[in-house]
Amino acid sequence: MINGWNHYHTPDSVEQAVALLERYGGQARVVGGGTDLLVEIRRGLRKPIEALIDASRIAGLDQVTRDGDYIVIGCGVTHTQIIRNPDIIRCGTCLSESCGVIGGPQVRNSGTLAGNVAHALPAGDGTIGLLALGGEIEVAGPSGRRWMPMQDSFKGPGRSFIDRHREVLTRLRFKATGAGEGSAHHRVMRPQGLCLPIISMGVRLKLDDRGRVQAVRISMGPVGPVPFVAEEAMASLEGKAATEEHFKQAAEVALSSVTLRASKYRASHEYRARMVRSYLPEILARAARRAVDTRDPGP
Ligand SMILES: Cc1cc2nc3c(=O)[nH]c(=O)nc-3n(C[C@H](O)[C@H](O)[C@H](O)COP(=O)(O)OP(=O)(O)OC[C@H]3O[C@@H](n4cnc5c(N)ncnc54)[C@H](O)[C@@H]3O)c2cc1C
């Protein structure tokens with residue numbers, strides 16, 4: 001075993017991928033761009049594996065498509081494709097912003113959104129962006145295909161309810177933002193370049209015609225073992241005017257509902273809290289400005 005695996009397969013179809021996984025009986029693993037998995041194998045952080053099943057070359061799953069209100073992203077779609085897609089830039093802005101901060105160009109050219117979500121880190125950037133949009137994922141396995149809320153796939157840090165030895169995350173989707181809706185993402189990180197975020201936050205917000213918050217979703221990470229949806233902060237904003245004061249209050253509610261981590265190399269608990277206080281109101285305001293810009297001008 002030279003590379004850390006014995007066989008590398010590039011199936012053309014989902015059925016073939018699932019059949020290959022079954023054939024190896026738990027000794028194979030799905031790979032996308034390999035920017036997490038292959039690095040882990042090469043660093044010896046993961047045991048060598050009998051076979052890798054590459055899901056990034058399955059026919060038709062290397063594209064972003066529309067299905068009614070949904071924008072659908074195949075598991076072979078890279079971060080670069082996402083940040084260049086006009087439909088996502090306009091109707092899923094926070095996803096394009098969050099994928100745009102991942103790594104450097106080489107990582108974005110090979111890393112996939114599916115890999116980011118399946119890896120299940122508490123603050124995967126694309127994951128935080130898609131979570132704010134209310135993303136869903138399609139998983140294919142021996143018993144067929146099913147759609148589920150992406151939020152329900154996270155089990156713990158790096159642990160997913162998707163069985164990556166037997167199942168393939170085939171597609172991701174979210175409802176495109178429409179009139180009166182906007183979204184935004186921001187990540188705070190140390191300035192040295194490629195490293196994990198101190199805090200990553202995403203917002204999707206809909207305004208009514210009087211400028212009040214009709215619906216809002218706020219995602220954050222890392223603030224716990226899995227990517228976090230700030231339900232209490234969201235509830236505190238609904239029906240309120242989209243003002244700086246209310247956005248600041250929502251940041252306080254978000255802070256009161258989480259236990260922020262302190263990490264030796266990244267940030268203290270207090271610093272993370274300051275970043276939420278500083279940036280969450282700003283991200284909410286940015287999403288609200290975008291919501292105003294997309295409002296139906298009326299007759
Ligand atoms: C230098 C560097 C910088 C980075 N910077 C960032 C960053 O700023 N932000 C960030 O979030 N990430 C970052 N990453 C991590 C990584 O690039 C991303 O998480 C990327 O999206 C992973 O996608 P991938 O396709 O390469 O996943 P892979 O490495 O192929 O797979 C990751 C995991 O997901 C599983 N998997 C992959 N695809 C599927 C599928 N279709 N179905 C089921 N399971 C699947 C694999 O088995 C594995 O467990 C960085 C990585 C590097 C090397």
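Visitor: Which strands does helix α1 lie across, and at what angle does the helix run to β3?

Guide: Helix α1, residues 14–23, lies across β1, β2 and β3. The helix runs at about 175 degrees to β3. Angles go from 0 to 180 degrees between N-to-C directions, so about 175 degrees means that α1 and β3 run in nearly opposite directions. Note that this is a predicted model.

Visitor: What makes β1, β3 and β2 one sheet?

Guide: Pairing. Two strands pair if there are at least two bridges between them. Strand β1 (residues 5–9) and strand β3 (residues 49–54) are joined by four bridges, so they pass. β2 and β3 also have four bridges, so they pass too. Both pairs are parallel. The result is an open sheet of three strands, in the order β1-β3-β2.

Visitor: Why are β1 and β2 called edge strands?

Guide: Each of them pairs on one side only. From one strand to the next, the twist averages 25 degrees.

Visitor: Which residues face each other across these pairs?

Guide: Y8 has L52 as its bridge partner in β3. V31 stands opposite D54, also in β3.

Visitor: What is the strand order in the sheet of four strands?

Guide: The order is β11-β12-β13-β14. This sheet is open too, but its pairing is antiparallel. β11 (181–188) and β14 (228–229) are the edge strands, each pairing on one side only.

Visitor: How do you know that β12 and β13 pair?

Guide: Count the bridges. Strand β12 (residues 199–207) and strand β13 (residues 213–221) share eight, and at least two are required, so they pair. One of the matched positions is S200, whose partner in β13 is G221.

Visitor: Which helix lies across β11 and β12?

Guide: Helix α5, residues 93–100. Its angle to β11 is about 20 degrees. That value is toward the low end of the 0 to 180 scale, so α5 and β11 point in roughly similar directions.

Visitor: What is special about the peptide bond from G221 to P222?

Guide: That bond is cis, with omega near -5 degrees. Most peptide bonds are trans. P222 sits in the loop between β13 and β14.

Visitor: What makes the phi of A120 worth a look?

Guide: Its sign. Phi is near 60 degrees, a positive value, and A120 is not glycine. Most residues other than glycine have a negative phi. G134, which follows α8, also has a positive phi, near 80 degrees, but G134 is a glycine.

Visitor: Is A120 buried or exposed?

Guide: Buried. A120 has 22 C-beta neighbours inside 10 Å. The cut-off is 20 or more, so A120 qualifies. The residue lies in the loop between α7 and α8.

Visitor: Why is Y271 called partly exposed?

Guide: Y271 has 14 C-beta neighbours inside 10 Å. Buried needs 20 or more and exposed needs 12 or fewer, so 14 falls in between. Y271 belongs to helix α11, residues 269–293. Its C-alpha atom is 35 Å from that of M148, and the two residues are 123 apart along the chain.

Visitor: How many residues of helix α8 are buried?

Guide: Eight of its eight, over residues 125–132. Among them are D125, T127, I128 and L131. In the protein as a whole, buried residues make up 46% of the 299.

Visitor: What surrounds the ligand?

Guide: A shell of 30 residues, the closest being G32, G33, G111, G115 and N116. By class, 14 are nonpolar, 12 polar and four charged. β2 (28–31), α2 (37–42), α7 (113–119), α8 and β10 (168–175) each supply at least two of the shell residues.

Visitor: Which element gives the most to the shell?

Guide: α7, with five residues.

Visitor: How do you know that the radius of gyration agrees with a compact globule?

Guide: For 299 residues, the rule for a compact globule gives a value near 19 Å. The protein has 19 Å, so the two agree. The C-alpha trace spans about 60 × 50 × 35 Å along its principal axes.

Visitor: How many helices and strands are there, and what share of contacts join residues at least 24 apart?

Guide: The protein has 11 helices and 14 strands. Of the contacts between residues at least 6 apart in sequence, 66% join residues at least 24 apart.

Notes: Residues numbered from 1 in each chain as written. Predicted model: local features only at pLDDT ≥ 70, side-chain atom pairs only at ≥ 80, totals over all residues. Contact = placed C-beta atoms within 7 Å. Rg over C-alpha atoms; globule rule 2.2 N^0.38 Å. Near = placed C-beta within 6 Å. Nonpolar A, V, L, I, M, F, W, Y, C, P; charged D, E, K, R; others polar.
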